[in-house]
Amino acid sequence: MKLLLTSGGVRNPTIEAALVGLLGRPIGECSALCIPTALYGHPWVGPGKNVRDFITGESDHMAGLGWGSVGVLELTALPSIPEDRWLPLVRETEVLLAAGGDALYLAYWMRRSGLADLVPTLTGTVYVGMSGGNMALTPRVGQEFVGWVPPDGEEVALLGLVDFSLFPHLDHPDLPDNTSAAAERWAASLGGPAYAIDDETAVVVDGGVDVVSEGGWRHFA
(Lines give C-alpha, C1' and ligand atoms only; values in the text may rest on other atoms or scores of the structure.)
Protein backbone atom coordinates (compact mmCIF):
# COMPACT_ATOMS: atom_id res chain seq x y z
CA MET A 1 0.00 0.00 0.00
CA LYS A 2 1.15 3.52 -0.81
CA LEU A 3 0.78 6.08 1.97
CA LEU A 4 0.20 9.82 2.00
CA LEU A 5 0.40 10.81 5.66
CA THR A 6 -0.80 14.37 6.21
CA SER A 7 -1.33 16.57 9.23
CA GLY A 8 -4.22 18.61 7.86
CA GLY A 9 -5.31 16.86 4.67
CA VAL A 10 -4.47 17.66 1.05
CA ARG A 11 -4.22 21.39 1.64
CA ASN A 12 -1.84 22.68 -1.02
CA PRO A 13 -0.68 22.00 -4.60
CA THR A 14 2.51 20.26 -3.47
CA ILE A 15 0.65 17.65 -1.42
CA GLU A 16 -1.97 17.26 -4.16
CA ALA A 17 0.77 16.65 -6.74
CA ALA A 18 2.24 13.96 -4.49
CA LEU A 19 -1.20 12.34 -4.24
CA VAL A 20 -1.67 12.35 -8.02
CA GLY A 21 1.80 10.84 -8.37
CA LEU A 22 0.83 7.97 -6.07
CA LEU A 23 -2.44 7.45 -7.92
CA GLY A 24 -0.86 7.51 -11.35
CA ARG A 25 -3.88 9.31 -12.82
CA PRO A 26 -6.18 12.26 -12.07
CA ILE A 27 -8.15 12.34 -8.82
CA GLY A 28 -11.43 12.55 -10.75
CA GLU A 29 -10.81 9.11 -12.25
CA CYS A 30 -10.38 7.38 -8.88
CA SER A 31 -12.76 5.91 -6.31
CA ALA A 32 -12.38 6.60 -2.61
CA LEU A 33 -13.74 5.30 0.68
CA CYS A 34 -13.93 7.57 3.74
CA ILE A 35 -13.04 6.07 7.12
CA PRO A 36 -14.45 8.39 9.82
CA THR A 37 -13.91 5.96 12.71
CA ALA A 38 -11.03 7.76 14.46
CA LEU A 39 -13.24 10.81 15.02
CA TYR A 40 -15.54 8.93 17.40
CA GLY A 41 -12.81 8.10 19.87
CA HIS A 42 -11.19 11.52 20.22
CA PRO A 43 -12.14 13.38 23.43
CA TRP A 44 -12.46 16.69 21.55
CA VAL A 45 -14.59 15.34 18.71
CA GLY A 46 -16.89 12.30 18.93
CA PRO A 47 -19.92 11.70 16.69
CA GLY A 48 -21.71 14.69 15.28
CA LYS A 49 -20.99 17.54 12.89
CA ASN A 50 -17.29 16.70 12.46
CA VAL A 51 -18.13 13.26 11.11
CA ARG A 52 -20.73 14.71 8.75
CA ASP A 53 -18.33 17.38 7.49
CA PHE A 54 -15.60 14.81 6.86
CA ILE A 55 -17.85 12.47 4.89
CA THR A 56 -19.42 15.25 2.82
CA GLY A 57 -16.07 16.83 2.04
CA GLU A 58 -16.84 20.08 3.84
CA SER A 59 -13.74 19.77 6.03
CA ASP A 60 -10.27 18.27 6.20
CA HIS A 61 -9.38 18.60 2.50
CA MET A 62 -9.97 14.90 1.94
CA ALA A 63 -13.35 13.74 0.60
CA GLY A 64 -14.04 16.97 -1.27
CA LEU A 65 -11.11 16.77 -3.69
CA GLY A 66 -13.25 15.78 -6.67
CA TRP A 67 -13.04 11.98 -6.60
CA GLY A 68 -14.83 9.98 -9.25
CA SER A 69 -16.85 8.35 -6.45
CA VAL A 70 -16.84 8.51 -2.65
CA GLY A 71 -18.22 5.93 -0.25
CA VAL A 72 -18.03 5.38 3.51
CA LEU A 73 -16.29 2.52 5.30
CA GLU A 74 -17.34 2.57 8.96
CA LEU A 75 -15.07 0.13 10.77
CA THR A 76 -17.25 -0.27 13.85
CA ALA A 77 -19.98 -1.78 11.64
CA LEU A 78 -17.83 -4.34 9.82
CA PRO A 79 -17.62 -7.07 12.51
CA SER A 80 -21.42 -7.37 12.42
CA ILE A 81 -21.78 -8.01 8.68
CA PRO A 82 -20.43 -10.76 6.39
CA GLU A 83 -17.05 -10.10 4.82
CA ASP A 84 -18.47 -10.52 1.33
CA ARG A 85 -20.53 -7.38 1.94
CA TRP A 86 -17.47 -5.15 2.27
CA LEU A 87 -14.24 -6.95 1.41
CA PRO A 88 -14.69 -6.80 -2.41
CA LEU A 89 -15.55 -3.11 -2.14
CA VAL A 90 -12.31 -2.35 -0.31
CA ARG A 91 -10.25 -4.39 -2.75
CA GLU A 92 -11.62 -2.57 -5.78
CA THR A 93 -11.40 0.94 -4.29
CA GLU A 94 -8.32 2.94 -5.20
CA VAL A 95 -8.06 5.25 -2.18
CA LEU A 96 -8.79 4.99 1.54
CA LEU A 97 -9.30 8.35 3.27
CA ALA A 98 -8.76 8.10 7.03
CA ALA A 99 -10.03 10.98 9.17
CA GLY A 100 -8.05 12.40 12.04
CA GLY A 101 -9.04 11.59 15.57
CA ASP A 102 -7.84 9.10 18.15
CA ALA A 103 -5.06 6.81 16.88
CA LEU A 104 -5.59 4.06 19.46
CA TYR A 105 -9.32 3.95 18.77
CA LEU A 106 -8.67 3.64 15.03
CA ALA A 107 -6.02 0.93 15.51
CA TYR A 108 -8.41 -1.00 17.76
CA TRP A 109 -11.18 -0.98 15.16
CA MET A 110 -8.84 -1.66 12.26
CA ARG A 111 -7.95 -4.90 14.03
CA ARG A 112 -11.49 -5.74 15.17
CA SER A 113 -12.87 -5.16 11.68
CA GLY A 114 -10.20 -7.16 9.86
CA LEU A 115 -8.96 -4.15 7.89
CA ALA A 116 -5.55 -4.28 9.57
CA ASP A 117 -4.91 -7.76 8.15
CA LEU A 118 -6.17 -6.69 4.74
CA VAL A 119 -4.10 -3.52 4.39
CA PRO A 120 -0.73 -5.17 3.63
CA THR A 121 -2.32 -7.03 0.70
CA LEU A 122 -3.68 -3.85 -0.93
CA THR A 123 -0.55 -3.17 -2.95
CA GLY A 124 -2.28 -0.93 -5.49
CA THR A 125 -4.27 1.13 -2.98
CA VAL A 126 -3.33 4.60 -1.72
CA TYR A 127 -3.99 5.33 1.97
CA VAL A 128 -4.45 9.04 2.66
CA GLY A 129 -4.51 9.78 6.36
CA MET A 130 -4.85 12.90 8.43
CA SER A 131 -3.33 13.35 11.89
CA GLY A 132 -4.53 10.46 14.10
CA GLY A 133 -5.59 8.62 10.95
CA ASN A 134 -1.86 8.21 10.26
CA MET A 135 -0.65 7.68 13.80
CA ALA A 136 -2.57 4.40 14.02
CA LEU A 137 -0.16 3.00 11.42
CA THR A 138 2.98 3.84 13.43
CA PRO A 139 4.82 1.86 16.14
CA ARG A 140 4.03 4.33 18.97
CA VAL A 141 2.40 7.71 19.59
CA GLY A 142 3.84 8.73 22.95
CA GLN A 143 1.92 9.57 26.09
CA GLU A 144 1.13 13.04 24.77
CA PHE A 145 -1.28 11.58 22.23
CA VAL A 146 -2.99 8.93 24.33
CA GLY A 147 -6.67 9.83 24.70
CA TRP A 148 -9.11 6.95 24.32
CA VAL A 149 -8.80 4.02 26.71
CA PRO A 150 -10.69 0.78 26.01
CA PRO A 151 -13.61 0.40 28.42
CA ASP A 152 -12.70 -3.24 29.06
CA GLY A 153 -9.12 -2.37 29.98
CA GLU A 154 -7.71 -4.24 27.00
CA GLU A 155 -4.25 -3.08 25.95
CA VAL A 156 -4.32 -1.59 22.44
CA ALA A 157 -1.23 -1.70 20.24
CA LEU A 158 -0.71 0.45 17.18
CA LEU A 159 -0.29 -1.28 13.83
CA GLY A 160 3.40 -0.60 13.16
CA LEU A 161 2.95 -0.58 9.38
CA VAL A 162 5.66 2.09 9.15
CA ASP A 163 8.81 2.21 11.25
CA PHE A 164 8.55 5.86 12.33
CA SER A 165 6.25 7.90 14.56
CA LEU A 166 4.38 11.09 13.69
CA PHE A 167 3.77 14.35 15.56
CA PRO A 168 1.04 16.25 13.65
CA HIS A 169 -0.04 19.92 13.67
CA LEU A 170 3.46 21.21 14.42
CA ASP A 171 3.40 24.86 15.58
CA HIS A 172 -0.35 25.12 14.97
CA PRO A 173 -1.68 28.46 16.29
CA ASP A 174 -4.70 26.78 17.92
CA LEU A 175 -2.60 24.09 19.62
CA PRO A 176 -0.11 25.87 21.91
CA ASP A 177 1.33 22.58 23.19
CA ASN A 178 2.41 21.46 19.70
CA THR A 179 5.61 23.49 19.57
CA SER A 180 8.94 22.46 18.10
CA ALA A 181 10.35 22.16 21.61
CA ALA A 182 7.47 19.85 22.59
CA ALA A 183 8.10 17.76 19.48
CA GLU A 184 11.76 17.39 20.47
CA ARG A 185 10.82 16.15 23.94
CA TRP A 186 8.22 13.80 22.45
CA ALA A 187 10.71 12.33 19.97
CA ALA A 188 13.36 11.86 22.65
CA SER A 189 10.92 9.84 24.76
CA LEU A 190 10.10 7.42 21.93
CA GLY A 191 13.53 6.00 21.23
CA GLY A 192 12.91 5.61 17.49
CA PRO A 193 12.75 7.62 14.26
CA ALA A 194 10.01 10.22 14.01
CA TYR A 195 8.68 13.13 11.98
CA ALA A 196 6.99 16.28 13.23
CA ILE A 197 4.92 17.88 10.46
CA ASP A 198 2.72 20.93 10.16
CA ASP A 199 -0.57 21.14 8.28
CA GLU A 200 1.15 22.08 5.01
CA THR A 201 3.35 18.96 5.03
CA ALA A 202 2.93 15.26 4.21
CA VAL A 203 5.08 12.16 4.49
CA VAL A 204 4.99 9.99 1.36
CA VAL A 205 5.67 6.25 1.64
CA ASP A 206 6.11 4.45 -1.67
CA GLY A 207 9.01 2.05 -1.42
CA GLY A 208 11.05 4.74 0.36
CA VAL A 209 10.04 7.64 2.59
CA ASP A 210 9.91 11.24 1.37
CA VAL A 211 8.57 14.52 2.73
CA VAL A 212 6.68 17.08 0.64
CA SER A 213 5.95 20.46 2.15
CA GLU A 214 4.95 24.07 1.73
CA GLY A 215 5.38 24.57 5.46
CA GLY A 216 7.58 23.29 8.26
CA TRP A 217 8.67 19.86 9.46
CA ARG A 218 11.41 18.08 11.38
CA HIS A 219 12.95 14.64 11.21
CA PHE A 220 14.20 13.02 14.42
CA ALA A 221 16.60 10.13 13.80
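Let's start with E200, everyone, which at 23% relative accessibility counts as partly exposed. Keep in mind throughout that what we have on screen is a predicted model.

What does E200 pair with? The side chain of E200 meets that of R11 in a salt bridge, at 3.2 Å from N to O. The two come from distant parts of the chain: R11 is in the loop between β1 and α1, while E200 is in the loop between β7 and β8, and 189 residues separate them. R11 is partly exposed as well, with a relative accessible area of 37%.

Now step back one residue, to D199, in the loop between β7 and β8. Is D199 buried or exposed? D199 is buried, and yet has no salt bridge. The nearest side chain of opposite charge is that of R11, 4.6 Å away. For those of you who think in cut-offs, a salt bridge needs the side-chain nitrogen within 4 Å of a carboxyl oxygen, so R11 does not qualify as a salt-bridge partner of D199.

Which side chains does D199 make polar contacts with, then? One is the side chain of S7, at 2.5 Å. Another is the side chain of H169, at 2.8 Å. If we leave aside the neighbours within four places in sequence, the residues in contact with D199 are S7, G8, R11, H169 and H172.

Let me finish the charged pairs before we get to the sheets. How many salt bridges does the structure hold? The count is 3. You have seen R11 with E200. R25 and E94 form another, and their closest N and O atoms are 1.9 Å apart. That pair links distant parts of the chain too, with R25 in the loop between α1 and β2 and E94 in the loop between α4, residues 87–92, and β4, which puts them 69 residues apart. R25 is partly exposed, at 31% relative accessible area.

Then there is R218 with E184, whose side chains meet at 2.6 Å, N to O. R218 lies in strand β10 and E184 in helix α8, so this salt bridge ties together parts that are 34 residues apart in sequence. For accessibility, R218 is at 29% and counts as partly exposed, and E184, at 40%, counts as partly exposed too.

On to the sheets. There is an open sheet of 7 strands, and reading across, the order is β3-β2-β4-β5-β1-β8-β9, with mixed pairing. Why do β3 and β9 each have a side without a neighbour in the sheet? They stand at the edges, β3 at 69–72 and β9 at 208–213, each with a single partner strand, so one side of each is left free of a neighbour. On average, neighbouring strands of this sheet are turned by 20° against each other, ignoring direction.

Zoom in on β2 and β4 if you would. These strands, residues 31–35 and 95–98, run parallel and are joined by 4 bridges. Within that pairing, L33 has L96 in β4 as its bridge partner. Helix α1, residues 13–23, packs on this sheet, touching β1, β4, β5, β8 and β9, and its direction makes about 165° with that of β1.

There is also an open sheet of 3 strands, in the order β6-β7-β10, again with mixed pairing. β6 and β10 are its edge strands, each pairing on one side only. From one strand to the next, the twist averages 15°. β6 and β7 pair in the parallel sense over 3 bridges, and the bridge partner of S165 in β7 is A194. Helix α8 lies across β6, β7 and β10, at about 160° to β6.

One last stop, for the backbone people. Most residues other than glycine have a negative phi. S131 has a positive value, near 55°. S131 sits in the loop between β5 and α7 and is buried, with a relative accessible area of 10%. D171 also has a positive phi near 55°. D171 is in the loop between β6 and α8, and at 46% relative accessibility D171 counts as partly exposed.

That's my tour, thanks for listening!

Key: Residues numbered from 1 in each chain as written. Predicted model: local features only at pLDDT ≥ 70, side-chain atom pairs only at ≥ 80, totals over all residues. Heavy atoms only, no water. Pairing = 2+ DSSP bridges. Axes fitted to C-alpha atoms, helices over the stretch in contact; angles between N-to-C directions. Contact = heavy atoms within 4.5 Å. Buried < 20%, exposed > 50% of the residue type's maximum accessible area, 1.4 Å probe, protein only. Lys, Arg positive; Asp, Glu negative; His and termini not counted. Polar contact = N/O pair within 3.5 Å; in protein donor to acceptor, adjacent residues only side chain to side chain.
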